[in-house]
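Please open the model in your viewer and keep the selection panel at hand. The tour below moves from the whole chain to a set of chosen stops.

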Amino acid sequence: MASTMGCSCLSSFHGSVDFESRFRMHWGTALITLLLATWTGVRSAKLEDTECGYFNEDQLLKQANFAIPTEHQWVARIVFKKGFEGKIRDDGCLGVLISKRNVLAPAHCFVQYNGEAEAFSVHLGVYNKSSPVSQPTCDRDGFCVVPAQEIKLAEIAVHPEYDPLTLKNSLAVLTLQRDAKLNPNVMPACMPPPQLVNETLVGQTFIVAGLRVKEDLKLKTWVNTLSRGFCQSKVSSIVTSSSTVCGYQAKPEGYYIGAPLVGMQVKGDVTQNFYLVGLMIDWRWENNRILSSFLAIRHYLDFIYQNANSLIVRS
């Protein structure tokens with residue numbers, strides 16, 4: 001295994017059997033039976049050739065206590081000016097990488113009632129939110145995940161019809177000062193393919209992934225979508241509108257606002273990739289379950305394309 005700062009990093013994907021046993025010992029879970037086998041074999045055959053929305057069925061089926069670092073590599077953590085986090089719910093926000101230079105995120109992560117955007121930078125490839133940026137995330141045995149990248153923001157384009165009182169049209173396109181360095185842990189999500197843009201979002205199964213409020217490691221979980229009226233009948237205070245979709249999470253974990261919701265694009269009988277469906281703008285507890293609301297980005301494609309470059313659509 002290649003060495004980085006005196007430790008062996010997951011980006012090399014070698015020594016899988018030894019890492020798996022040590023990983024289980026450290027985290028006290030038996031969840032990664034074929035994880036490292038897919039990293040060593042699939043990376044050269046599939047992961048390295050993927051431009052956006054990397055999909056692996058073995059990884060998809062693993063619903064454990066955390067997500068694998070090479071899953072949902074488009075999750076971005078928003079960094080704010082000192083003291084601004086306290087103005088945001090749960091003191092944090094997420095976004096989704098949609099190109100080497102652009103991130104989508106909810107507008108209410110940046111623009112409060114004074115109309116000023118306060119964000120500073122984004123962190124890409126974050127696996128453990130408590131680890132310092134630019135340093136590997138290592139366990140006790142010295143096995144590590146490659147460092148996250150910090151990139152400062154050049155511009156924040158807020159949707160012109162965003163309403164900070166109702167959170168309608170809460171969407172912003174962030175432009176980074178430099179390109180993200182794509183690697184197995186950092187990759188953009190695909191944009192919605194044209195043939196799915198007008199399909200219903202209700203009664204579907206999607207996946208949300210991101211950093212959690214009370215835990216350190218990135219997680220994913222299924223979301224079963226429901227009608228807007230049903231969600232409002234269960235939790236009247238949840239933020240919804242004609243441009244949102246809502247549903248129950250399979251795991252009752254609180255994510256930071258902005259966690260991306262993705263769907264699976266299928267060609268014939270084969271799943272091709274993940275594509276972006278929405279961004280979490282609100283979530284609420286309801287009878288020991290979490291009901292989440294997501295801004296559906298298909299309503300905002302013109303705005304996104306006007307303010308972002310090099311977006312990828314797999315048709």
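With the whole protein chain displayed as a surface, the accessible area comes to about 13,700 Å², of which 47% belongs to carbon and sulfur atoms. Keep in mind throughout that this is a predicted model. Of the 315 residues of the chain, 56% count as buried, and among contacts with a separation of 6 or more, 69% are between residues 24 or more positions apart.

Switch next to a cartoon, in which the chain's secondary structure amounts to five helices and 16 strands. Select β3, β4, β5, β10, β9 and β6, which in that order close into a six-stranded barrel with antiparallel pairing; from one strand to the next, the twist averages 40°. For a closer view within the barrel, select residues 94-97 and 102-105, which are strands β4 and β5, running antiparallel and joined by two bridges. Val96 is a good residue to pick here, since its bridge partner in β5 is Leu104.

Now show the cysteine side chains, among which there are three disulfides to visit.

Begin with Cys52 and Cys190, whose disulfide has an S to S distance of 2.0 Å and is right-handed, with 90° about the S-S bond. Because Cys52 sits in the loop between α2 (35-45) and α3 (57-61) while Cys190 sits in the loop between β10 (172-176) and β11 (205-210), the pair ties together parts that are 138 residues apart in sequence. Cys52 counts as buried, at 0% relative accessibility, and Cys190 is likewise buried at 0%.

Move on to Cys93 and Cys109, where the sulfur atoms of the disulfide lie 2.0 Å apart and the link is left-handed, with -85° about the S-S bond. Cys93 belongs to the loop between β3 (75-80) and β4, and Cys109 to the loop between β5 and β6 (119-124), so this pair ties together parts that are 16 residues apart in sequence. Cys93 is buried, with a relative accessible area of 3%, and Cys109 is buried at 0%.

Finish at Cys231 and Cys246, a disulfide with 2.0 Å from S to S and a right-handed link, with 100° about the S-S bond. Here Cys231 is in helix α4 (residues 228-234) and Cys246 in strand β13 (residues 244-249), 15 residues apart. Which relative accessible area does Cys246 have? Cys246 has a value of 2%, which means that, with buried defined as under 20%, it counts as buried, and Cys231 is buried at 0%.

How values were computed:
Residues are numbered from 1 along each chain as its sequence is written. This is a predicted model: local features need pLDDT of at least 70, side-chain atom pairs count only at pLDDT 80 or more; totals for chains, interfaces and linings use all residues. Side-chain values use heavy atoms; hydrogens and water are left out. Two strands pair if DSSP finds at least two bridges between them. Helices (H or I, at least four residues) and strands (E, at least two) are DSSP runs, numbered from the N terminus. Axes are lines fitted to C-alpha atoms, for helices over the stretch in contact, and angles run from 0 to 180 degrees between N-to-C directions. Buried means under 20% relative accessible area, exposed over 50%, partly exposed in between (1.4 Å probe, protein chains only). Contact means heavy atoms within 4.5 Å. Accessible areas come from the Shrake-Rupley method with a 1.4 Å probe; for residues, only the protein chains shown count as cover. A disulfide is a pair of cysteine sulfur atoms within 2.5 Å.
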